[in-house]
Structure formats: C-alpha cells, structure tokens
Protein chains: 2
Amino acid sequence: MKEDKIITIVGLGVVGGSYAIALSKKGYTVYGVNRSAEGLDMALSCGAIKEGAHTPEKFFEQSDMIIIALYPDQIVEYLKKYGKYIKKGCLVSDVAGIKSHFVDEIYAVMPKDSEFLCCHPMAGREKRGFKYADDRVLQGANFLIAKTESTTVEAIERMTKLVKSIGFGEVRVTDVATHDKVIAYTSQLPHAIAVSLINSDDEDSETASFIGDSYRDLTRIANINEDLWSELFLGNKDNLVSTISSFERQLSVLKSAIENDDADTLKKLFIKSTARRVNLEKKK
Amino acid sequence: MKEDKIITIVGLGVVGGSYAIALSKKGYTVYGVNRSAEGLDMALSCGAIKEGAHTPEKFFEQSDMIIIALYPDQIVEYLKKYGKYIKKGCLVSDVAGIKSHFVDEIYAVMPKDSEFLCCHPMAGREKRGFKYADDRVLQGANFLIAKTESTTVEAIERMTKLVKSIGFGEVRVTDVATHDKVIAYTSQLPHAIAVSLINSDDEDSETASFIGDSYRDLTRIANINEDLWSELFLGNKDNLVSTISSFERQLSVLKSAIENDDADTLKKLFIKSTARRVNLEKKK
C-alpha cells in the first residue's frame, strides 16, 4: 500500500483543525490552507501544521493526501479551481455530512490520475473555528466511508489506515445513498428535534431553573452553525423529510396514548425504547 | 429554625438511595424504609442508613423529616396507612416529578400537626435500584419546591437548608400548577421525544455504526422506567399534550422550510435556537 506522509488540510475550522492536530502529533507532515490568517497563525503556533497558506497550489503538488474540510457546497468549486495542482496518485477526501448532493459533480471535476473518497467523520462540535479544534473529539468516533462504483479498495485501505492511526473507532464502508439515508436519521433528525425543542419554549418562561440533564442533553446541538446546517438539510431534503415524518408518526402514537389514558401502550413504547437503547450501548 | 437531625427515607431506589448516601455523609441520622431486603442490606452495609426496616412506624415516631421517594401514585396510600406515626412538627416531603395530580389528596390525609412540602429534585438516572444510587448526581442539580396556599415559609427554609447542605444547586420555589406546566416541557417532553426518536428507527438498519454524540445524547433517556413514566405522563396529561403539540408545530415549521427549500427560514430557526442555547448555558 502507498505510504501517505504529506497531507494537506483545506479549511482549518473545528473539524479540519482537529485532523491537523491529530495528524501532526502522529508525525505526518501537515500543510494547512485557510481563508483567514488568524486560523493559519493559530495552527502554526501550536504545531498543528508545518506550513500554511491561503491557496493550496504548492501544497497540492507535494501531497499524498488532501482532506477538504470546507462546507459541502464549496468542494466542487474548489476542485474546479485547484484540481490541476493535485499530484498523481493523491487521495482526496472530504468531511461533509451529506454525499449524494454533490458526489457526481466532484467525480466529474477530479483529475483522472487521482481519486476522491467520500468520508464522514462522526465527530463535530457546536463551536466554529480552529480555536475549538481538539483531537480528542476524534478518539473512538465512528468514521464513515461512502463508496461509489469507481471507489478502489486501495483508497479505502489508505484512508482506514490513516484515520485508525489518529484514533477513530469503527470505520464503516457504505454506499452514498445508504449513507445519506441513515445520516438523515442518526444526525440530521436529532438536530431538527433539538432546534424545535428549544424553539418551542415559552419566551417568558424561566426554564433555566427547571431543567435537568435530560433537557441539557437534548438541546446541546440546538447551538448550530446556520450556514452549514441549512446546506446539509436542504442537500438531503427527501431523506430528511421522510425521517422527520416517521418520527412525527411515532410521537403521535405516544401522544394519542396519553390523550386516551392508555398506560398499556405507553409502557410498550417505553419497553421498546429501553431495549433499543440498551442494545445500542452494547454495540458501542 | 428547627434543627432537623433525624431523617427517614421511604424507598431506597436510585433517588431515595442517593439522598440517603448524601445525608449520611453530612452527619444526619438516616433511617431507611424499603420493600426489598436487598436494598436495605446494601444501604446498611455502605453506611447510607443507620438502620432499616420494611415498615416505617418506629422511624416516623422519631423523625424530624421524612422523604417519601416512592412512585407518585403510592404516596397517598402510604400516608393514609402510616401518617398516624408521624411526629409532631415533622416536615414530610416527596421527590415526585408531578404534583397537581395528588397534592390535594396528600394534604387531606396528612396529620394536622405536621406539614407536607412538594419537592422535585431535578436529578435522576436511567437505572433503577439502590445499587445505582450515587450522591454525585445531586451535586449542583436544580431543586424545585412546589408550594400551595398552606405552605409555610419555615418549611421552605428547612428544606432549602437541608438540600443545600447535601450539594443541590439552585432551589427554586414555584407553585404547583406552574411546576407541572414547566416540567411537562423541560422533563417530560424530552423523554417523549427520546422514546419516539429511537422507536422511529428502521428495525433492520445498522444504526450503531452511523451514530455520533448527538444521537447518543438525544436517546440516553429513551432508557426509561415504564411504570414510573407512564404514571408521570398520565398524571400530567393536559400539560404534556399541550407541550407536545407546541413542539410538533415547531418541527412542522422546520419541515416545511426544508420541503420548500427555504434556507432563510432554516437559518432564522437555527439562529434562534443557538441564541437560546447559549443563553441557557449562561444561566447555568
């Protein structure tokens, strides 16, 4: 297998920055590309990158791997502009939460002698920017690879080796369509719920004194990057609407049981949810 | 103010047990009443109680305070049966998550020379039984007192002193109706959502490989005690149905925005939820 030593991270936000920190600690040569000088300076001064720049030409020419940690809608344009500088045999990857929306366009603009692999690290934070980057969030996190018909076994193996070396947990290979369908449920629906839960509070209620860990846990991700997440939601529209609808049906069953004083149905729902949650922990 | 030294805990489950551990550590004389011998043995052997029994007569006769940590529907019957053993001037309390449902009945059966104070420690765990009791869950937790027209200032002061001494955070005094209304939103709705979220999963989907912290956080409380929570839900039916309905309306606004590719509305919803979540943390 090809030895990947030189890696360029495009976008030193919270995800790209966390990768940079983790990779540098493991001895990879990491170059960083970032729009703002502030992010570059911080990454340089803490040793997360060896060198940084606002555009990627000189780094792309040397890199064995490129990780584009930009918003989903920016990836295609970026590759159109800078794809020609990518070294032969380079493995190019992303960190986006959705794939179907742009994967064909990406493949269309990629240089023929390098490969693009759709990747989704299941590790994020509510905050934005390099100053919140932290390699600890990657430790043990699930890592998803969404393959297409043209994905090579070698690309999967190279990426798996890389992300295992920096601490990711399970690496799961799936196809692009399944990725987007399941992610609508496991990641986007929870965000839609958290936002709706906190937004349904009475404006004048003094909720803060009345909360326990459950409310805190369920609203943590209501602190959400509006630009990124509106893109992610609209880019996975059909899957997300469908998963919101099944959730609404479940909640409606529960609500009817309450309205009808139907303790038996409530208990059955709770027993089912408990079994599923216990089962989830076992698989962790 | 009356000095409360001898305290009886009825029900050494996860909440009653946590109280017993915390109170004993602080030097109170704690007696425990529990149905099962197992819970009593465990509480005795770890020093959480000084003495234990299956019925409370001899402890009630000596106690300055009694904390009834039973299921809400059991409290009235318990007081009917054992109220006559309660010492004059004793402050009797509960830990139930709802209040309106039974508060009048409780007041009706309480002996006239002692007082009942509705209390709700906002600290729970998914597990059941004394073996999961842990005084650390009480540290910094919100504590709610739901007063009625007959609640005395002295009772509130005695309880506040007690729970502050074992590490609770904010003690918030409210009235019974407000308690049940706000709790429907901050505690019961999150449980209804968590249950419905995990129950809306496709049976055959391999969700576990696709989850991140958000799904884990939002489903933690889907592991739920079906007997207790069906009581809590049905005992606060009108408030809960109303709060589920406002949540449903919020989710529906978000879903429509997705269906209509309305990025502006999505962003507005996200900006609002983020501001609310940040605000919540500030008040913590």
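**View 1. B:Ala257 sits in helix α10 of chain B, which covers residues 237–259.** Helices here are DSSP runs of H or I with at least four residues, strands are runs of E with at least two, and both are numbered from the N terminus. This is a predicted model, so local features need pLDDT of at least 70 and side-chain atom pairs count only at pLDDT 80 or more, while totals for chains, interfaces and linings use all residues. Residues are numbered from 1 along each chain as its sequence is written, and chains are lettered from A and ligands numbered from 1 in the order in which they are written. Is B:Ala257 buried or exposed? B:Ala257 is buried, because 20 other C-beta atoms lie within 10 Å. (Buried takes 20 or more other C-beta atoms within 10 Å of the residue's own, exposed takes 12 or fewer, and partly exposed is in between, with C-beta atoms placed from the backbone.) Setting aside neighbours within four places in sequence, B:Ala257 makes contact with B:Asp262, B:Thr265, B:Leu266 and B:Leu269. A contact means that the two C-beta atoms, placed from the backbone, lie within 7 Å. Look across to B:Asp104, 153 residues apart from B:Ala257 along the chain, and the C-alpha atoms are separated by 46 Å.

**View 2. A:Asp261 and B:Asp261 each have a positive phi without being glycine.** Most residues other than glycine have a negative phi. For A:Asp261, phi is near 50°, and for B:Asp261 the value is about 50°. Where do you find A:Asp261? A:Asp261 is in the loop between α10 and α11 of chain A, and B:Asp261 is in the loop between α10 and α11 (263–283) of chain B. A:Asp261 is exposed, with 12 other C-beta atoms within 10 Å. B:Asp261 also counts as exposed, with 12 C-beta neighbours inside 10 Å.

**View 3. A:Ala123 is in the loop that links β6 (115–121) to β7 (143–147) of chain A.** Loop or not, A:Ala123 is buried, because 25 other C-beta atoms are within 10 Å. Which residues does A:Ala123 contact, leaving aside neighbours within four places in sequence? They are A:Val137, A:Leu138, A:Ala141 and, from chain B, B:Gly212. A:Glu38 is 85 residues apart from A:Ala123 along the chain, with 23 Å between their C-alpha atoms.

**View 4. B:Ala20 belongs to the largest nonpolar core, a set of 180 residues.** Such a core is made of buried Ala, Val, Leu, Ile, Met, Phe, Trp, Tyr and Cys residues joined through C-beta atoms within 7 Å. Which members touch the most others? A:Ala20, A:Ile67 and B:Ala20 do. Not counting residues up to four places away in sequence, B:Ala20 touches B:Ile9, B:Leu12, B:Val30, B:Gly32, B:Ala43, B:Ala48 and B:Ile49.

**View 5. Domain 1 (6–175) of chain A meets domain 2 (179–283) of chain A.** These bounds come from an automatic or database domain assignment. The contact draws 15 residues from domain 1 of chain A and 14 residues from domain 2 of chain A. On the domain 1 side, α4 (72–82), α5 (100–109), β7 and β8 (171–175) of chain A each supply at least two residues. That side splits into five nonpolar, five polar and five charged residues. (Nonpolar covers Ala, Val, Leu, Ile, Met, Phe, Trp, Tyr, Cys and Pro; charged covers Asp, Glu, Lys and Arg; the others, Gly among them, are polar.) Taken over C-alpha atoms, the two domain centres are 30 Å apart.

**View 6. Chain A and chain B come together with 76 residues of each in contact.** Elements giving two or more residues to the chain A side are α7 (176–199), α8 (213–219), α9 (226–234), α10 (237–259) and α11 (263–283) of chain A. Which element has the largest share? That is α7(A), with 16 residues. By class, the chain A side has 40 nonpolar, 20 polar and 16 charged residues.

**View 7. A turn of 180° and a shift of 0.0 Å along the axis lay chain A on chain B, with an RMSD of 0.0 Å.** The two copies are therefore related as by a two-fold rotation axis. Both use the same surface, and 100% of the contact residues of chain A recur in chain B. The superposition is by least squares on the C-alpha atoms of residues with pLDDT of at least 70 in both copies.
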